[in-house]
2 protein chains.
Amino acid sequence: MTDTVQFTQVLHEWSEIFMRRSMNDLVYFTRQAGLSMSQLGALMRLYHGGACGVSDLGEHLGVSSAAASQMIERLVQQGLLERSEHPDDRRIKRIAVSAAGRQLIAEGVAARRQWMESLTHALTQEEQALIIEALKLLTRAARQQEPSHAAQS
Amino acid sequence: MTDTVQFTQVLHEWSEIFMRRSMNDLVYFTRQAGLSMSQLGALMRLYHGGACGVSDLGEHLGVSSAAASQMIERLVQQGLLERSEHPDDRRIKRIAVSAAGRQLIAEGVAARRQWMESLTHALTQEEQALIIEALKLLTRAARQQEPSHAAQS
DNA sequence: TCAATTAGTTAAGTGGGCTTAAATTTACAC
DNA sequence: GTGTAAATTTAAGCCCACTTAACTAATTGA
């Protein structure tokens, strides 16, 4: 078996167990937070991509601007998003994650971190060091494949 | 920074980019297949966990048996699941993924593999070898944390 | 045998998420 | 100013997912 074939195989195996665990946690978290997957997607998009207009968000999520408007309305009523007017063009609404929304996401991130930390208990320092190097390589490779290659914090 | 702290940090960074990409693909795939996230979850559960009863599935997915029954009905009508009677206890229905359902999942897996293979283009053979070792360690550590530790194929 | 239990389905109702189409507000161009 | 285009919202309608409650059928056991 060549390294490249084995690489794909091993990556697939890891991703399967990783995804299963992550999806489980994700579903549990969103349910507990009273969110739907779509809502979480919108929240994440705004959190990572920054504020944008209604139609922009819809486009990113692959839905009509009407659908985006409705979902934003629900999230605004839950206090997770904020709507403000664009200073130059008052037709445009600037949609952004609120402080409460940011905190909710922070909690989710913390839960993820906890699981990752628990992984270390089954690994020696040497193994961790090896994994650190490997994941840095993987992250760099994956970033190169991203459509929007522009860097952020 | 100690290795353990850096380990969590690096793993988190990788998981962020990996999840973003995976979720994107997942949403695209399910939409194209005409499935909802819940339906995909049920399909995956049965695919990985094997056939089970209606209530069992509902329990695993965290919904009532009525909800499970309804969702199963929709998936049966789409030809992705099969319902049969338990030979010993005719109250119990055995819910299993059909051949068509299995093929659908196989297509999704193939699409994932394609992305992973594309990652190799940005990595040398040596880097790939390093990553293989690291991911084997990670997979082993993650498996040890699984609730149901029983192995399968 | 017959009452209680168990597995599953059906019914009714709620709400989310999506669509298209129509309405509203603002901006811009002439 | 007047007409057109753009951004968003509202309305109507559809399907999915979920709930509780009522119902059917099969099993168990005293």
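Colleague: Which element gives the largest share of the surface near DNA strand D?

Modeller: This is a predicted model, where local features need pLDDT of at least 70, side-chain atom pairs count only at pLDDT 80 or more, and totals for chains, interfaces and linings use all residues. Residues are numbered from 1 along each chain as its sequence is written, while chains are lettered from A and ligands numbered from 1 in the order in which they are written. Near means that the C-beta atom, placed from the backbone, lies within 6 Å of the strand. The largest share of that surface, 6 residues, comes from H4(A).

Colleague: Which residues come nearest to DNA strand D?

Modeller: There are 26 residues around the strand. The elements that give two or more of them are helix H3 (54–61) and helix H4 (65–77) of chain A, with helix H2 (37–49) and helix H4 (65–77) of chain B. Helices here are DSSP runs (H or I, at least four residues), numbered from the N terminus. Nearest come A:Gly53, A:Ser69, B:Ser36, B:Ser64 and B:Ala66.

Colleague: How do H3(A) and H4(A) lie to each other?

Modeller: Their axes come within 8 Å and cross at roughly 105°. Axes are lines fitted to C-alpha atoms over the stretch in contact, with angles from 0 to 180 degrees between N-to-C directions. Angles of 65 to 115 degrees count as roughly perpendicular. H3(A) and H4(A) are therefore roughly perpendicular.

Colleague: Which residues of H4(A) make the contact with H3(A)?

Modeller: Two residues are in contact if their C-beta atoms, placed from the backbone, lie within 7 Å. H3(A) brings A:Val54, A:Ser55, A:Leu57, A:Gly58 and A:Leu61. From H4(A) come A:Ser65, A:Ala67, A:Ala68, A:Ser69 and A:Ile72.

Colleague: Which helix gives the largest share of the side of chain A that touches chain B?

Modeller: In all, 44 residues of chain A are in contact with 44 residues of chain B. On chain A, helix H1 (3–32), helix H5 (99–120) and helix H6 (125–145) each give two or more residues. The largest share, 19 residues, comes from H6(A).

Colleague: What kind of axis relates the two copies?

Modeller: Superposition is by least squares on the C-alpha atoms of residues with pLDDT of at least 70 in both copies. A rotation of 180° with 0.1 Å of shift along its axis superposes chain A on chain B (RMSD 0.1 Å). The copies are thus related as by a two-fold rotation axis.

Colleague: Which residue of chain A comes closest to the rotation axis?

Modeller: The same surface serves both copies, with 100% of the contact residues of chain A recurring in chain B. At 3.1 Å (C-alpha), the closest residue of chain A to the axis is A:Ala134.

Methods
Parallel < 35°, antiparallel > 145°, perpendicular 65-115°, else oblique.
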